[in-house]
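Work through these exercises with the model open beside you. Try each task before reading its solution.

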Amino acid sequence: MIFASMGATSALAKETVVIGQLNWTASLAIQDVLKQVMEEQFEVNVKYIALDPAVLYKAIDEGSVDIHPDLWLPNNQNLYDTYAKKGTLLLSKNSYIGENAFFIPGYIQDRHKIYSVKDLKDKETAKLFDVDGDGRGDYWAGAPGWNITAENQVRWKDYGLNDYYTMVSVSDAAIKGLLKSRYKRKKGIVFYYWTPEWLHSKYDLRKLNEPAYYEGCNQMKDPKKDPNWLKNSSLNCAAQDANVYIGYSSHLQKRLPEVAKFINNVKLDPTAINSWVLQIDLEKRPVQSVIKEWIQDNQSTVNQWLGK
């Protein structure tokens with residue numbers, strides 16, 4: 001790797017850059033790419049602070065965290081708008097596309113001809129997705145604390161599925177374990193997920209069709225402000241494909257402009273992200289080893305990020 005000159009980095013040698021650590025593997029991989037490049041090229045110290053997604057935005061606003069490594073829009077639009085309007089949260093100029101949807105195993109679709117969320121609206125069909133044995137279907141809307149989890153609960157309500165299904169509130173790691181178990185036994189499971197992600201390489205998963213997104217179909221109330229948000233919200237359409245950015249603070253831009261310039265230039269490839277996640281989650285390789293190897297093999301890409 002080509003090192004920045006000592007003269008260009010000496011002033012930054014004792015500075016610390018703080019990345020907000022999120023709890024999904026793609027984000028963990030992205031943060032390590034940023035860490036390894038920044039520590040080598042700018043001689044800064046990089047540390048992680050694990051935070052709830054909502055708390056991370058406030059920490060960036062206050063300047064105690066410098067970087068949000070995997071910022072999905074419009075999934076987190078309300079939070080983003082709050083701090084972008086204040087000028088404390090900035091976005092990288094490049095993004096990658098992430099898809100949000102509900103998925104079922106291919107063998108369930110082929111066997112039972114379930115192609116859309118409308119096809120789930122039946123008592124006997126719901127039993128195919130009964131995880132806890134209570135006779136009702138179960139679905140995963142997302143992990144606790146994610147904005148998309150609340151949105152998916154509203155979708156499920158507006159699709160008329162609450163009479164047949166109960167939401168399973170577990171972590172991302174737990175739903176992956178449940179998927180592995182159900183898939184092995186050829187049982188049904190319906191859950192929210194996204195791309196890029198290694199699950200789609202490991203398993204034959206089929207996206208369920210939903211009513212198309214249109215302007216104004218998302219009438220989501222803020223769960224933190226409206227105690228009756230589920231009843232008062234309306235969301236009868238599919239999620240928009242997301243644009244996924246790296247967020248960074250205006251404090252970082254002022255304190256370490258060259259580092260902020262680098263963050264602004266980073267352009268992530270969904271195919272690479274999928275490969276990282278596959279190696280980390282499925283092959284159980286250490287994050288640092290996967291990323292170090294990728295950087296060594298993709299120096300031309302890293303140099304583009306650095307403006308070289």
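The exercises below concern a predicted model.

**Exercise 1. Find out how far the confidence scores support a detailed reading.**

Step 1. Take the chain as a whole. Its average pLDDT is 93. A score of at least 70 is reached by 96% of the residues.

Step 2. Look for the weak stretch. Over residues 1-12, pLDDT stays under 50. The model has 23 contacts beyond four places in sequence for these residues.

Step 3. Decide how to treat that stretch. Where pLDDT is low, predicted coordinates should not be read in detail.

**Exercise 2. Decide whether helix α3 is enclosed or open, and describe its two ends.**

Step 1. Count the buried residues. Helix α3 covers residues 53-62, and seven of its 10 residues are buried. The helix is therefore largely enclosed by the rest of the structure.

Step 2. Name them. They are Pro53, Ala54, Leu56, Tyr57, Ala59, Ile60 and Asp61.

Step 3. Find what surrounds them. The buried residues of α3 pack against strands β1, β3, β4 and β12. They also pack against helices α4 and α11.

Step 4. Check the N-terminal end. Asp52 caps it, with a side-chain oxygen 3.0 Å from the backbone nitrogen of Ala54.

Step 5. Check what comes after. Gly63 follows α3 and has a positive phi, near 90°.

**Exercise 3. Describe the largest nonpolar core and follow one of its residues.**

Step 1. Start from the general rule. In soluble globular proteins, nonpolar side chains tend to be buried together.

Step 2. Size the core. The largest one has 92 residues. Those with the most contacts inside it are Leu34, Met38, Ile67, Phe191, Phe262 and Trp276.

Step 3. Find the main contributor. Helix α2, residues 25-41, gives the most to this core, with seven residues.

Step 4. Follow Leu34. Setting aside residues up to four places away in sequence, Leu34 touches Ile19, Ile67, Ile246, Phe262, Ile263 and Val266.

Step 5. Look for a separate core. Another one, of seven residues, lies apart, and Ala150, Cys217, Trp229 and Leu235 are among its members.

**Exercise 4. Classify the Phe103 and Phe191 ring pair and state what it joins.**

Step 1. Set the scene. The whole structure holds 21 aromatic pairs.

Step 2. Read the geometry. The centres of Phe103 and Phe191 are 6.5 Å apart, with 40° between the planes. The pair is tilted.

Step 3. Place the partners. Phe103 lies in strand β5 and Phe191 in strand β8, so the pair ties together parts 88 residues apart in sequence.

Step 4. Apply the burial cut-off, which is under 20% relative accessible area. Phe103, at 3% relative accessibility, is buried. Phe191 is buried too, at 1%.

Step 5. Widen the view. Ring pairs link both residues into a cluster, whose members include Trp24, Trp72, Tyr96 and Trp140.

**Exercise 5. Trace the polar contacts of two residues, Ser92 and Thr25.**

Step 1. Locate Ser92. It sits in the loop between β4 and β5. Its relative accessible area is 2%, so Ser92 counts as buried.

Step 2. Find its polar partner. A polar side-chain atom of Ser92 lies 2.9 Å from the backbone oxygen of Asn94.

Step 3. List the distant neighbours. Beyond four places in sequence, Ser92 touches Tyr245, Ile246, Tyr248, Ile263 and Asn264.

Step 4. Turn to Thr25. This residue is in helix α2. Thr25 is buried, at 9% relative accessible area.

Step 5. Identify its partner. The side chains of Thr25 and Asp281 are joined by a polar contact of 2.9 Å. Beyond four places in sequence, Thr25 contacts Lys176, Val277, Ile280 and Asp281.

Key. Residues numbered from 1 in each chain as written. Predicted model: local features only at pLDDT ≥ 70, side-chain atom pairs only at ≥ 80, totals over all residues. Heavy atoms only, no water. Buried < 20%, exposed > 50% of the residue type's maximum accessible area, 1.4 Å probe, protein only. Helix = DSSP H or I, 4+ residues; strand = E, 2+ residues; numbered from the N terminus. Contact = heavy atoms within 4.5 Å. Polar contact = N/O pair within 3.5 Å; in protein donor to acceptor, adjacent residues only side chain to side chain. Core = buried A, V, L, I, M, F, W, Y, C linked by side-chain atoms within 4.5 Å. Phe/Tyr/Trp six-rings, centres within 6.5 Å; stacked < 30°, edge-to-face > 60°. pLDDT = per-residue confidence, 0-100.
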